[in-house]
Amino acid sequence: MGWKATFGAPRLVAAVEFDARRLRLVAFRRARGGPRVLAVTSTALGESVDPTDAAAVGGAIAAELRRLKLDGAALVMNLPRGQVILKPLALPAGTADAEIPGMVQYMVPPQLPFAADEAVIDHARTVHMAGDGQVPDPDAVNVMAVAARASVVEFHRQVAAAAG
């Protein structure tokens, strides 16, 4: 997949990921020929920043955005891979777009290691690659389903809000 400009999409975007001690950030500006990278940085979170405190982490992100003169950038938050479940689904050929969300909501919960009412479940249409010795169904409607605990998603929303 290539870069696809979308009407109304922010022109300045910062992709952010953090763990207990580091904050990593890539900022880019949407441009006619594709994204133009403005900054790539990895910085230590200060000793005073509690990584479980959304306001503190958000403040550290805001400070880094100010330092890079990227105030007002839209944030894309990366959830830790260990806290996200990815599940490729091959839906029957001819599945209507309007039916996909319901099918994903039906198929994914039984495969979660936690209760479905604790989950945020989403999906995106995609193309799946077949593994060794497997032949993909060329007519299938391929979807990548994703699930995370609602508490993890809410924490990252609070971080983004604190970052402004």
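Contact here means heavy atoms within 4.5 Å. By that rule, and setting aside neighbours within four places in sequence, Met-107 is in contact with Leu-89 and Leu-91. Keep in mind that this is a predicted model.

**Confidence**

The average pLDDT for the protein is 87, and 90% of the residues score at least 70. Residues 1-5 are a spot to treat with care: their pLDDT is below 50, and the stretch has 6 contacts in the model beyond near neighbours in sequence.

**Around Met-107**

Met-107 sits in helix 2, which covers residues 100-107. With a relative accessible area of 29%, Met-107 is partly exposed, because the partly exposed class runs from 20% to 50%. Lys-87 is another residue to look at from here: 20 residues separate Met-107 and Lys-87 in sequence, while their C-alpha atoms are 9.9 Å apart in space.

**Glu-64 and its partners**

Is Glu-64 buried or exposed? Glu-64 has a relative accessible area of 8%, so it counts as buried, the cut-off being under 20%. Glu-64 belongs to helix 1, residues 54-67. Once neighbours within four places in sequence are left out, Glu-64 is in contact with Leu-23, Thr-41 and Thr-43. Thr-41 also takes part in a polar contact, side chain to side chain, with Glu-64 at 3.3 Å.

Then there's Arg-67. The side chains of Glu-64 and Arg-67 make a polar contact at 2.8 Å, and the pair also forms a salt bridge. Both residues lie in helix 1, 3 residues apart, or about one turn of the helix. Here a buried Glu-64 is paired with an exposed Arg-67, whose relative accessible area is 52%.

**Salt bridges**

How many salt bridges does the model have? The count comes to 5. Three of these pairs are set out below, with the distance between the closest N and O atoms.

| Basic residue | Acidic residue | Closest N and O atoms |
|---|---|---|
| Arg-24 | Asp-19 | 3.1 Å |
| Arg-67 | Glu-64 | 2.8 Å |
| Arg-125 | Asp-97 | 2.6 Å |

Look at Arg-125 and Asp-97, which form a salt bridge. This pair links distant parts of the chain, 28 residues apart: Arg-125 is in strand 6 (residues 119-125), and Asp-97 is in the loop between strand 5 (84-91) and helix 2. Arg-125 is partly exposed, at a relative accessible area of 46%. Asp-97, at 56% relative accessibility, counts as exposed, since the exposed class starts over 50%.

Arg-24 and Asp-19 have company: together with Glu-17 they are linked in a network of salt bridges. Arg-24 counts as partly exposed at 24% relative accessibility. Asp-19 is partly exposed as well, at 36%.

**A nonpolar patch**

Which residues form a nonpolar patch on the surface? They are Val-26, Val-37 and Val-40, and together they have about 260 Å² of accessible area. Val-26 comes from strand 2, residues 22-29. The relative accessible area of Val-26 is 32%, so this valine is partly exposed. That value also lets Val-26 into a patch, because patch residues need over 30% relative accessible area.

Note on methods
Residues numbered from 1 in each chain as written. Predicted model: local features only at pLDDT ≥ 70, side-chain atom pairs only at ≥ 80, totals over all residues. Heavy atoms only, no water. Patch = residues over 30% accessible without salt bridge, like charges linked within 9 Å, V, L, I, M, F, W, Y side chains within 5 Å. Areas by Shrake-Rupley, 256 points an atom, 1.4 Å probe, with all protein chains shown as cover. Salt bridge = Lys/Arg side-chain N within 4 Å of Asp/Glu carboxyl O. Helix = DSSP H or I, 4+ residues; strand = E, 2+ residues; numbered from the N terminus. Buried < 20%, exposed > 50% of the residue type's maximum accessible area, 1.4 Å probe, protein only. Polar contact = N/O pair within 3.5 Å; in protein donor to acceptor, adjacent residues only side chain to side chain. pLDDT = per-residue confidence, 0-100.
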